[in-house]
Amino acid sequence: AYRAEVGMERSDRSKVSDGMVVVGDPQLLENKKAAIRNAGPGKLQVIADFDATLTKYRINGCCGQTSHNLLQQSNPEYDIKRQELYEYYHPLEFSPIIPIEEKTKLMVEWWEKTHALLIEGGLTCDDIKKSVESATIEFREGVFELFEFLEEIGVPVLIFSAGLADIIEEVLRQKLRKSFKNIKIVSNRMIFSKDGHLVSFKGKTIHVLNKNEHALDMAAPLHDHLGGNDGPINDNASVKKRTNVLLLGDHMGDLGMSDGLNYENRIAVGFLNDNIEKSIGNYQEAFDVVYLNDAPMWGVVELVSQIC
Ligand code: C5P
């Protein structure tokens with residue numbers, strides 16, 4: 001019935017070819033699916049990373065942009081300064097030899113310097129709109145249908161990112177052209193002055209290595225920013241009661257996004273976008289399902305239709 005509702009044709013689903021998906025332990029996955037299905041959609045929530053998980057990793061052969069690097073300030077000098085920081089810190093983010101405490105300090109440093117440059121450079125709401133309009137960023141095929149189905153059955157989606165909440169919201173607005181009441185963004189949120197200039201950031205900085213800490217406490221409903229109505233699924237307490245989780249991520253670190261929850265069952269779906277041969281072993285062990293080669297979201301749509 002669901003497939004008929006969203007108009008998803010067999011030809012669309014078959015775009016997820018066999019070579020694109022790996023399931024390490026099919027029996028374990030079936031058991032988790034059965035447990036989640038039996039508990040019903042009232043117990044389920046979806047927690048998804050944003051960059052390269054909901055969005056495509058590559059667009060026309062080039063890397064798609066992230067919420068951070070799509071930003072273009074009216075003052076281009078500051079874009080250059082942020083790019084210099086990126087070139088210095090990004091390799092450190094992925095360095096296998098820096099101890100975790102040291103790396104955490106470096107990441108805090110990177111995020112704080114970047115946020116400071118955005119403020120100093122006088123980023124405006126208008127810069128955000130224009131940057132998203134000209135950005136190389138696209139949702140994976142099937143993301144809209146996934147959100148629609150989850151909204152229909154009242155399952156909340158938490159988009160959890162070390163990027164920038166305001167940019168993610170603008171991307172949702174421009175690319176999906178629909179406000180979903182079941183979606184919440186947990187990410188770094190900007191505060192603007194009355195004349196529309198960025199003046200500070202709200203709360204604790206979320207960087208790649210602390211995504212799991214205090215995360216649920218920071219959740220702010222999307223409708224605060226898009227003008228929707230409040231409802232029970234936007235309540236943090238009710239989110240905590242949803243003890244079955246479908247987690248979507250592209251980094252091993254994304255598995256920590258559900259740490260704030262005492263979950264009963266979790267199906268983790270990983271999008272392995274790069275270094276496939278080197279990483280497939282680890283991904284296959286850590287995630288229940290692994291999608292390769294920038295696969296569309298149709299497999300996840302199908303999975304949700306099986307567990308709800
Ligand atoms: O995966 P998630 O959306 O949570 O992470 C944000 C990503 O943004 C990081 O992997 C990091 O490489 C990138 N970033 C960036 N510029 C910054 C800070 C982070 O491109 N100033």
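## Helices 6 and 7: buried faces and packing

In this predicted model, the buried residues of helix 6 pack against helix 8 and strand 7 (190–192). Local features require pLDDT of at least 70, side-chain atom pairs count only at pLDDT 80 or more, and totals for chains, interfaces and linings use all residues. Residues are numbered from 1 along each chain as its sequence is written, and side-chain values use heavy atoms, without hydrogens and water.

Helices (H or I, at least four residues) and strands (E, at least two) are DSSP runs numbered from the N terminus. Buried denotes under 20% relative accessible area and exposed over 50%, with a 1.4 Å probe and protein chains only. The arcs below are those of the directions from the helix axis to the C-beta atoms.

| Helix | Buried residues | Arc of buried residues |
|---|---|---|
| Helix 6 | Asp127, Ile128, Ser131, Val132 | 125 degrees |
| Helix 7 (residues 143–152) | Val143, Leu146, Phe147, Phe149, Leu150 | 165 degrees |

In helix 6, the buried residues therefore line one face; Lys130 and Glu133, on the other side, are exposed. Gly154, with a positive phi near 75 degrees, follows helix 7.

Helix 6 (residues 125–133) packs with helix 8 (residues 165–176) at an angle of about 55 degrees, their axes lying 10 Å apart. Helix 6 is thus oblique to helix 8, a class for angles outside the ranges under 35, 65 to 115 and over 145 degrees. Contact (heavy atoms within 4.5 Å) involves Ile128, Lys129, Val132 and Glu133 of helix 6 and Asp166, Ile167, Glu170, Val171 and Gln174 of helix 8.

Terms used:
Axes fitted to C-alpha atoms, helices over the stretch in contact; angles between N-to-C directions.
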